[in-house]
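Student: Could we take a close look at one single part together? I would like to start with one helix and then see what lies around it.

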Amino acid sequence: MSESYEYLFKFLVIGSAGTGKSSLLNNFIGNKFKEDRCHTIGVEFGSKIVNIGGKSTKLQIWDTAGQERFRSVTRSYYRGAAGALLVYDVTSRDSFNALANWLRDARTLASPNIVILLVGNKKDLEESREVTFTEASQFAQDNELMFLETSAKTGENVEEAFLKCSKTILAKIETGELDPERIGSGIQYGTGTSKRLGAPKRPTRTPSDCACRV
Amino acid sequence: MDFAEFIKQERLEEFPPAWIADVKGEFVFENENYQIKTEDLSIDYKDLIKEAKRLCIVCNKVFSNSYSYLVHNIDHLTIPLDKLNIEVPLQQNDSQKQQLHYSCVNMLTEEMDNRHGPPGVNSRSLTAAQSAAELEVLKEIENVYFTPPSEFNAARYALEHVPSYTNCDEIEQMFTKLKRQQQVVSGKALHLISQQRDNCDREFGEIQNIRQQLSETLSTCKKAREKLRSASNHLTISTFVILANVRKRQIIKSVLKSLDLLRSLRSVEKDVAELITKKQYFEAIELIMQSKKAASNNKEYKCIADLASRLQDTLDMTEEKLDSVLSSMCYNFDPIVFAKLKSAYDLLGKTQAAMEQLHMHYSSAVNESAFEAVKPFVDNVSMETKFQELCRSVPTTKAPLCLLNLCEKLFLVMRSYYLLVNWYSKHEESSMVTNVFDIEKNVSREYIKQKLKGGLIRIWNDVQGKVSTFLKSLGLEEYPFEKFIQMLGILRKLTQVAEVFCGDTSDLLRDFIKTQSVSYIKNYHKGRMEELKLFLENEGWEQCPVKSTFTLLNLQEFKQFKRYFKPKNDIGTSSQSSSSVHSLDNSVYISKYFNETTRTPFEMFRNENVTNDDIFGLEPESEVSEESDDEPEELKRDFVDDADVQNSPSKVAHSVIVTNTTLSVLRNCGQYLQITRYLPQIALEVIMLMNQLFDYYFFTVHLFFTSDLDVASSTLYTSKLNLLLKRISNIEDSFSSPSIPEHLEKTEANLHGLSERIVGVESIVFLAKQFEILQPYLESIVAQHQRMILEHFRDNTLAVVGDLRMPVYMASASKALDARSALIAMSQVRWDVKTVAEEHSAYVDMIVRKIQVFALRLENISQKITLNVDIVNAVWGMVAKFIVHLLVEGFSNASKCSNGGRGLMQLDYRQLFVKLEKISGLKPIPYQDYVDRYVKAYYLPRNELEEFVRDRVEYSNKHLIALITCACENKRDRQALSSAVEGREAAM
């Protein structure tokens, strides 16, 4: 397995308990779907190298426990995440309603620039759907999120979700909106690249950052 | 009568000319004799009795035939025939007969003339004178007149002898003379005839008699001939006809047989082909052999001579066909077909050669099967591709399936061979008894037996070689865990198969599996270590909310091991006995597949739902159902018990502090242990790697939480801890150590990350406990001689983990208590007071205040994490330790000290300890001896003080010098002791 990659993105998978976060991750890294898996304890971890726009990028994905009691544990992993999948369950209104809280946590604990993709999982269970696509789309639009409906069971849109999020991050790096060299950016240069893309970093620094240093 | 004569006479024409030719020379024609006999009669009797009317010229009587006429004639014969030569020999010719006849007739005629002439001629009463005269006359008759009339003409003679000068007288005279002579002769003849009449009559009677006998004989002969003819007709001839017919039939039969033979010989090829398609190999070979024999027996037929060579071709061809059938045995052994083949080869006398051939076929079958098994997984295969190259081009995703295919295909060959060997041993037993005397056969059989026995190993080695080649070209390290396990399962099954197959422990493959497994697990471990590093670097050191009863057994990864941790279970024996049962079951189970025709032991791998336990034939977890009542519920609650979190620290008997990383390490351990279940042979290696995870965790906690330790560490590290850290730092060279995180908040308010420190240390303590739980099980899965290593790890690593509390907690304690300001405060105290003070010094209150703040902050921490007494005590212990060192340091800073000052010191630290006891709950305060002893040494006499200085290594030189300075008023003593202190240092 070649460990050579150009970028490393730190990813989070967050959302209420039982929305299928671990299933999404497992599907993405190529494991079989299990009908009744246990709740995640703390966080779990998975990584995969994907090719985004010709650049091999390692995704370091932290799959967090959705249960409230693990909040304190999982929060510590938010720090410095470059991207996040915010997952809700299309068959659970509660999980959709909790999105706002999760979103706030992510934006405050990770970084304000974190790229978040809203994921409506379990779209295969169409008959028990409680959250409509348009409704979720509206929420995504209001909060400036990307949005996809997926099924970890069938694998539909799972890879797309991670890739779409990664592409957006990469695009932001290329426009200079994100600086890989800033600590806590959740982005690292990999083994297979020089830091040539890091050139435009300085000019994009905000004045407030400079003020902090003084 | 002669047999041959009959044949000649009777049915000669019916016999083949050859026969006739054969017989011809032997024939004797006796008929001629017969005929000759009849001819013996001077007169042809046949002619005599022939019917013809004859008239007697004398008496005018009529006769029916010549014979009776002649007999009658005799009556008239009166002329004596004395002078007539009537006694002619029996065998006289016709002319003589005629002569006789003529003479007689002549005489008779003359007699009759005489009757008419002068009388008395015929008178019988002749006188003697007359007789004498007559005799004289007779004498005068010239001899010439007795010449037969044919040669002599009497008249002419008389005329010729008439004298030339003729005169009547003379003639008369002559006439008279002749007349006289004639009369005398006639008379004489008559006389003779009459004289001979009786004789003649008697002869005639005799003749008559003979005639009668002859006729009788003739009729007998005729009858006999008749009878014989009928006899021959009825008996001999028909029998001979029958015989002849039989012979003919036999000849025809033999001809027919030959023709049949010819026909069968001509159709041998076809018949053989037919027999072979019917799988009647023995019969086919037999047919050819017989045909060959028949052909060689009938070489005289030209067409057969041609056939003979063709038969050889047919035999060769048939042998080839047999060979191909033989080779098909390699893939699917059919005892019935093989028995036929064997008998056919026996008949050919090529049993041994066939065996060699069969082994060759098996070898090539292994090659071919291997090739065929891998081929479908590779694109663009040419026949020239070597197996190794082929294996190399198998895409990694298809490799497990390909391996499965390979094993299955090879298994078929193995099974076929296994059945062959079984067949032989079965048939050998049955045939041994019957042919016990046949040494040569026995030798050959023994040879075959050895060959078969060796063949088992050889084929297995071939198979092993193929599989190894395949595996070597894969690079197993890169496979996902599940696939790797699956492939291992396949290989394991293969080794089990081999055990049944040839009793071989398949060391080659096992070694290969072992090395591959080790390298796989090392590679896998590398990944886990990197992951662990990542986890540790990202770890928030927050307590993971798990139930207070949580142990690693609650994790899914350990579900299968639960039964090994039952306290009453005798793990060693139970697991051993169950494993031996397994292997027995396995062999029975596997041998079942050897005797089945359709299924293979590998087909379970084709099943999508097959679990690893199924693959490895491990017992399903029976205990699960037993405990199902409380277990799932607990799993659902994720071991969380919120109530525990709220408990106050002192009440918690034992808290479970685990971090997310701890759990992930435990999970990894679970997976490692699962690997050991499947690979018991590398259990130790896996355990060592597992321990490495632990070591790394431990190392990281130490690194993270002692890096900011700013007090002298010599008394904080136990010697075992030092050894442990040294050992780990050696090992960790191969893995990059984690970078110390910067995200951890270390402020005064949170006691400089005390919460994180506690979580870090306590989580490793917890982890050590979990490892200890595992130890009995681990000991059961490693070999006896390897247990030492585990014990060493337990005694020198797990048992030492608690020691890490000191340096880590000290880091917080030392920072929280602000040594600098305390020391400054202490230095402001006057220790050379004359009177003992009533009040303790101000710095005590200052320190107590710090302790109070510390206690408050600790309380805050206990809201977040469950602190049990051990932890709290450990923390307070470090606080106490820091305080005593602080005090000693402060006291040693006093350049002058009176007895009163010493008292004040005691008053101060007593007061401090009372307060500390109250706040911390520690009773007694640990380490207080340290300060107590130091302060009281002031009161020791000189020699005891010297001893104190020499032995108390826990105090620094500075402390001791200060002590001496204060305690010794005598300058010389002071110098002596000071040099003792310095000497101590040099000695150390």
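How many of the 13 residues of H30(B) are buried?

Tutor: Happy to help! Keep in mind as we go that this is a predicted model.

Let's begin with your helix. In H30(B), 13 of the 13 residues are buried, so the helix is largely enclosed by the rest of the structure. For this count, a residue is buried if 20 or more other C-beta atoms lie within 10 Å of its own. The length of H30(B) also works out: at 1.5 Å a residue, its 13 residues should span 18 Å, and the end C-alpha atoms are 18 Å apart, which agrees.

Now step off the end of the helix. H30(B) is followed by Asp818(B), which sits in the loop between helix H30 (805-817) and helix H31 (819-827) of chain B. Asp818(B) is not a glycine, and yet its phi is positive, about 50°. Asp818(B) has 16 C-beta neighbours inside 10 Å, so it counts as partly exposed. That value falls between the limits, since a residue is exposed if it has 12 or fewer such neighbours and buried if it has 20 or more.

Next, turn to H32(B), because H30 is among the elements of chain B that cover its buried residues, together with helix H28 (754-781), H31, helix H33 (869-892) and H34. Helix H32 (residues 842-864) of chain B is made of 23 residues. From first C-alpha to last, H32 of chain B reaches 34 Å, close to the 33 Å expected at 1.5 Å a residue. The buried residues of H32(B) are Tyr843(B), Val844(B), Ile847(B), Ile851(B), Phe854(B), Leu858(B), Ile861(B) and Ser862(B).

One of those covering helices, H34, leads us further along the chain. Between helix H34 (899-920) and helix H35 (928-936) of chain B there is a loop, and Pro924(B) has its place there. The peptide bond joining Lys923(B) and Pro924(B) is cis, with omega about -5°. Tyr927(B) is also placed in the loop between H34 and H35 of chain B. Like Asp818(B), whose phi is positive, Tyr927(B) is a residue other than glycine with a positive phi, here near 70°. Tyr927(B) has 18 C-beta neighbours inside 10 Å, so it counts as partly exposed.

For another way of looking at helices, try a pair in chain B. Helix H19 (residues 507-538) and helix H25 (residues 660-678) of chain B pack at an angle of about 170°, and their axes are 10 Å apart. Angles over 145 degrees count as roughly antiparallel, and H19(B) and H25(B) are therefore roughly antiparallel to each other. On the H19(B) side, the meeting residues are Ile521(B), Arg528(B), Leu532(B), Phe535(B) and Leu536(B). Facing them in H25(B) are Asn660(B), Thr661(B), Ser664(B), Val665(B), Asn668(B) and Ile675(B). Sorted by class, this contact has six nonpolar, four polar and one charged residues.

Let's zoom out to the chain that holds these helices. Chain B has 38 helices and two strands, and of its 988 residues, 32% count as buried. Among contacts in chain B with a separation of 6 or more, 79% are between residues 24 or more positions apart.

Chain A is the partner. Chain A has seven helices and seven strands, and buried residues make up 43% of its 214 residues. Where the two chains meet, 16 residues come from chain A and 17 residues from chain B. On the chain A side, the elements giving two or more residues are strand E2 (43-52) and helix H2 (71-75). By class, that side of chain A has eight nonpolar, six polar and two charged residues.

Finally, a word on confidence. The average pLDDT of chain B is 76, and 80% of the residues score at least 70. In residues 115-124 of chain B, the pLDDT is below 50, and this stretch has seven contacts in the model beyond near neighbours in sequence. Residues 567-584 of chain B also have a pLDDT below 50, with twelve contacts in the model beyond near neighbours in sequence. Where pLDDT is low, the predicted coordinates should not be read in detail. For the complex, the predictor gives an ipTM of 0.72 and a pTM of 0.65.

Methods. Residues numbered from 1 in each chain as written. Chains lettered and ligands numbered in written order. Predicted model: local features only at pLDDT ≥ 70, side-chain atom pairs only at ≥ 80, totals over all residues. Helix = DSSP H or I, 4+ residues; strand = E, 2+ residues; numbered from the N terminus. Nonpolar A, V, L, I, M, F, W, Y, C, P; charged D, E, K, R; others polar. pLDDT = per-residue confidence, 0-100. Axes fitted to C-alpha atoms, helices over the stretch in contact; angles between N-to-C directions. Parallel < 35°, antiparallel > 145°, perpendicular 65-115°, else oblique. Expected span 1.5 Å × (residues − 1).
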